[in-house]
Amino acid sequence: MSGGCGRNPPPFPDDEDQERAELDTQVLDSDEDDEDDEGEDIFTGARSKAITPTSAPDEGDIFSEEGSYVRSDVHHTTNGLHSDEELDLFTEATVELTLTNTTSQGRREIIGPTVSACNTTHVPNSILKPSIVTKTMEELKEEESGDQFELNIAVTNPEKIGDGMNAYMSYKVSTQTTLPMFLNKTFSVRRRFSDFLGLYEKISAKHSLVVGKEFLMLTLVGKEDSSSAEFVEKRRAALERYLQRVVAHPSLLQDPDVREFLERDELPRAVNTQALSGPGLLKMINRVSDAVNKMTIKINESDNWFESKLQEVENEEQLLRRLHAAVDSLVNHRKELCSNTVVFSKSVAMLGSVEENSALSRALSQLAEVEDKMEQLHQQQAFSDFFILAELLADYVRLLGAVRCCFEQRMKVWQRLQEAQSTLQKKREAEAKLLWANKPEKLQQAKDDINEWESKVSQYERDFERVTCTVRKEVLRFEKEKARDFKQHIVKYLESLLHTQHRLVKCWEAFLPEAKAIA
Amino acid sequence: SFFPPKLFKRQTLCDMIPLVHSVSVDLNNDASLVIDIPDALCERDKVKFTVHTKTTLSSFQKPEYSVQRQHEDFIWLHDTIVETEEYAGLIIPPAPPKPDFEGPREKMHKLGEGESSMTKEEYAKMKQELEAEYLAVFKKTVQVHEVFLQRLSSHPMFRKDRNFQIFLEYDQDLTVRRKNAKEMFGGFFKNMVKSADEVLISGVKEVDEFFEQEKNFLLDYSSKIKDATAKAEKMTRSHKNVADDYNHISGALNNIAADNNTAFKKHLEKCAEVFEKLRKVEDRMASDQELKLTELLRYYTRDIQAAKDLLYRRARALADYENSNKALDKARLKGKDVAQAEENQKQCLQKFDKLSESGKKELTSFKARRVVAFRKNLIEMTELEIKHAKNSVSLLQGSIEVLKSN
């Protein structure tokens, strides 16, 4: 396989047979490693929360109109105030439902009828709606442990297709799942970079308030040599993390575009992204999450949850940046340690070669070998430093930016409501003036205007409530996800360190008798 | 000043295995003359070593002495010994390098500048780090000065040296004496020694197989050990940088934890703690490798140089002898001053023979000493690295358990 920086992405046991492909989610080997295994398996499986249908429809496809459902504990009026335990992970799905035909390429703004939609029975065939399930506490708990259903995604085997100007990198996207909504349990497809971009384009507008859809490829833009093995690996890992975040979000997982991306053999070429997959577009996409919060609109609300939460998010972003900088420094220093170690190893070997005492000479060349092995260990560790920790932090710094964007969007909705209210007020005043001035012919128009704006205001009020509810839930979901993600990665990182230290012990233990043999 | 004059007592200096036992073995065995440096005063630029002597030798006036000496005094002692004709056939213990606090001093400066941009805890932590580093440099310099004196005291000839005795006994400042000596010698010999390698390489044909081999070995070995020392230093520095990064990561995690009010807070604090502990272990790994390996290489680079200097002096003596032969032939031809020339030739030969004889002995024991020292240090280093790595393993295992169970 290409991309030979020495860090092979986790190999699939049997590349040819997709059905049997099993994804190795175990991170690190134990002690019985032999000396020449290539690199860490830092494959992470994304686990989405399980979907538990309570009534299985005939076709086995839970996405039918007759499908099941109603969510009973959705609170419209409490401004999204749920305690964590009650939080139904799928109510957002109702809000973020795509009401568009799946084959359309267009983008539709989502602020439309939502929660109430689940109550209507009049739903056209072409529209898929998510399964909204009644959850017992038991089922919720099962979901938490992720026992019931699984979804693991890996992006591997980058391969250069074609040559010259038209050459591109193709990636294997493999899915292993027990979710019934997929046709198979394990399957894989090949996708190219613009396909990923195309996916992002399709889902980003449909799910404007979802954090996790962001195509965080900013680090892969610009100066880096795009043919280097390291670059390919970085990109592969970033694409993998991207997909894992996408499927970790319940609304996105339900999105047919996402499923199509994972399942469908041949994806129609995302033409409009082809020309744009250069740095320009990526910068534009990522600009959103990097934007400094310029909105200083203050929303009058009795509950300052949003205000204080936004502040929290901004603070955390800064602190994460600093942590990322420290980890970045670690990566660089460890790489330096690698090169200095290998240089030292050679020097010791030279010294050993001129040493006249033969036992000491042998010990010195053994020492050189030990240092050489250590260099490999440091190299692997630097890899872990970067891919397990640094990239995670870099992603989250930007995801926090995306969270800020949600807040910004809510502010815009608020602003629109305010403006509508003010317009309504003006229309009322205009009507009053007309009454005073006794101009009956214009009165009807004024009344019509008032009606129009009254309904707008109430529409926008509902919108604002809905967005408020959504953002709040989304933020809470995100925080939970972030905590889980961090925990997982930190443990994985510590395991990588443990692995390295184990090996170190072995290296030195092998050398000790050599040192003792000096006479 | 940042670091007020500090008196470092031996107890604090000794929590590492003393260099003196490792680098040059068996130096303090002879109870008739025992020397150590129990403490040192560090004042800005100057370090004042307390040199403590216990002796049963009759040549000394008192059985015990305690004097203050500066680095320059050690250099003076070394130089006078080098210039002593009598010792030309001996390997002269290399002079201790000048105390180099540049590293910590620079960091201290940066810390002072960056004080306003960090939290109190961070500042306190970094200051602590810095003091530890300062202390480490300090320990090393005390030890190399001590080893120098102990090499002299354990050598049958050097221990009787008059200047050595003055160094140990004289209760006043040696500065005045030093200045006088400098004027006398002018350091000209040192300049000559610089081109010693050329003499050795291109020099007169060697008849003695032993010395021919030694010459080749020492020339080759000396450039390689110098190189290995430099590379080891770089490697250790990188290692320390990694340890420092763990520290910063720990600090950053603590900052995040401080702001966090969820169940995740504990998790973050635990992680911060792990990194802090890792840092300590990593730091010890780096320090021990430095002390046992890098310092060993450094020391023997200097010692090899001292051995080369011996070869050089012998080569000079050989050249002198050859010249005296030529002069004698000339004198015989001319029929003038023959007796003088004969006498000269005789003396040159004597000197050369003496140097060869003593040189052979010295170089042979040097070989043995070197091998023993390497063995000891490599074993000790390996054992320490294993110990530290095992500590890391159990630290990490424990932490992973805790984090997973939450």
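Visitor: Where should I start, and which residues of H5(B) meet H11(B)?

Guide: Welcome! Lys125(B), Glu129(B), Lys140(B), Val144(B), Val147(B) and Arg151(B) are the residues on the H5(B) side. Across from them, H11(B) brings Glu276(B), Arg279(B), Glu290(B), Leu291(B), Glu295(B), Arg298(B), Tyr299(B), Arg302(B) and Asp303(B). By class, that contact has four nonpolar, no polar and 11 charged residues. Please keep in mind as we go that this is a predicted model.

Visitor: How do I read the way these helices lie, and at what angle do the axes of H5(B) and H11(B) cross?

Guide: Look at the angle between their directions; under 35 degrees counts as roughly parallel. Helix H5 of chain B spans residues 120-153, and its axis crosses that of H11(B) at roughly 25 degrees, coming within 12 Å. H5(B) and H11(B) are therefore roughly parallel to each other. Their crossing is right-handed.

Visitor: And what about a pair from two chains: how far apart are the axes of H10 of chain A and H11 of chain B?

Guide: Those axes are 16 Å apart, and the helices, residues 358-437 of chain A and 264-334 of chain B, pack at about 155 degrees. So H10(A) is roughly antiparallel to H11(B). On the H10(A) side, the contact is made by Leu367(A), Glu371(A), Met374(A) and Leu389(A), while H11(B) supplies Phe275(B), Gln289(B) and Leu293(B). Those residues divide into five nonpolar, one polar and one charged. The crossing of H10(A) and H11(B) is left-handed.

Visitor: How many nonpolar residues does the contact of H11(A) with H12(B) have?

Guide: Let me place the helices before I count. H11 of chain A covers residues 440-516 and H12 of chain B covers 338-405; they pack at about 155 degrees with axes 8 Å apart. An angle over 145 counts as roughly antiparallel, and H11(A) and H12(B) are therefore roughly antiparallel to each other. H11(A) passes H12(B) in a left-handed crossing. To your count: there are 20 nonpolar residues, along with six polar and eight charged ones.

Visitor: Now for strands. In what order do the three strands of the open sheet in chain A come?

Guide: For a sheet, trace which strand pairs with which. Here the order is S1-S2-S3, with antiparallel pairing. S1 (151-161) and S3 (186-192) of chain A each have a single partner strand, so one side of each has no neighbour in the sheet. From one strand to the next, the twist averages 20 degrees. Nine bridges pair S1(A) with S2(A), residues 168-177. To find your place, look for Lys160(A), which stands opposite Met169(A) in S2(A).

Visitor: Which helices pack on that sheet?

Guide: Helix H4 of chain A (residues 229-248) touches S1 and S2, and its direction makes about 150 degrees with that of S1(A). Helix H6 of chain A (residues 256-263) touches S1, S2 and S3, at about 95 degrees to the direction of S3(A).

Visitor: How many residues lie between S2(B) and S3(B) in their hairpin?

Guide: Two, and Arg44(B) in the turn has a positive phi of about 50 degrees. S2(B), residues 33-43, and S3(B), residues 46-55, run antiparallel and are joined by nine bridges. Ala40(B) has Phe49(B) as its bridge partner in S3(B).

Visitor: To finish, into which domains is chain B divided?

Guide: Domain 1 covers 1-178 and domain 2 covers 226-405. Their C-alpha centres lie 17 Å apart. The contact takes 29 residues from domain 1 of chain B and 36 from domain 2 of chain B.

Methods
Residues are numbered from 1 along each chain as its sequence is written. Chains are lettered from A and ligands numbered from 1 in the order in which they are written. This is a predicted model: local features need pLDDT of at least 70, side-chain atom pairs count only at pLDDT 80 or more; totals for chains, interfaces and linings use all residues. Side-chain values use heavy atoms; hydrogens and water are left out. Axes are lines fitted to C-alpha atoms, for helices over the stretch in contact, and angles run from 0 to 180 degrees between N-to-C directions. Helices (H or I, at least four residues) and strands (E, at least two) are DSSP runs, numbered from the N terminus. Angles under 35 degrees count as roughly parallel, over 145 as roughly antiparallel, 65 to 115 as roughly perpendicular and the rest as oblique. A crossing is left-handed if the near helix is turned anticlockwise from the far one by less than a right angle, and right-handed if clockwise. Ala, Val, Leu, Ile, Met, Phe, Trp, Tyr, Cys and Pro count as nonpolar, Asp, Glu, Lys and Arg as charged, and the others, Gly among them, as polar. Two strands pair if DSSP finds at least two bridges between them. Contact means heavy atoms within 4.5 Å. Domain bounds come from an automatic or database domain assignment.
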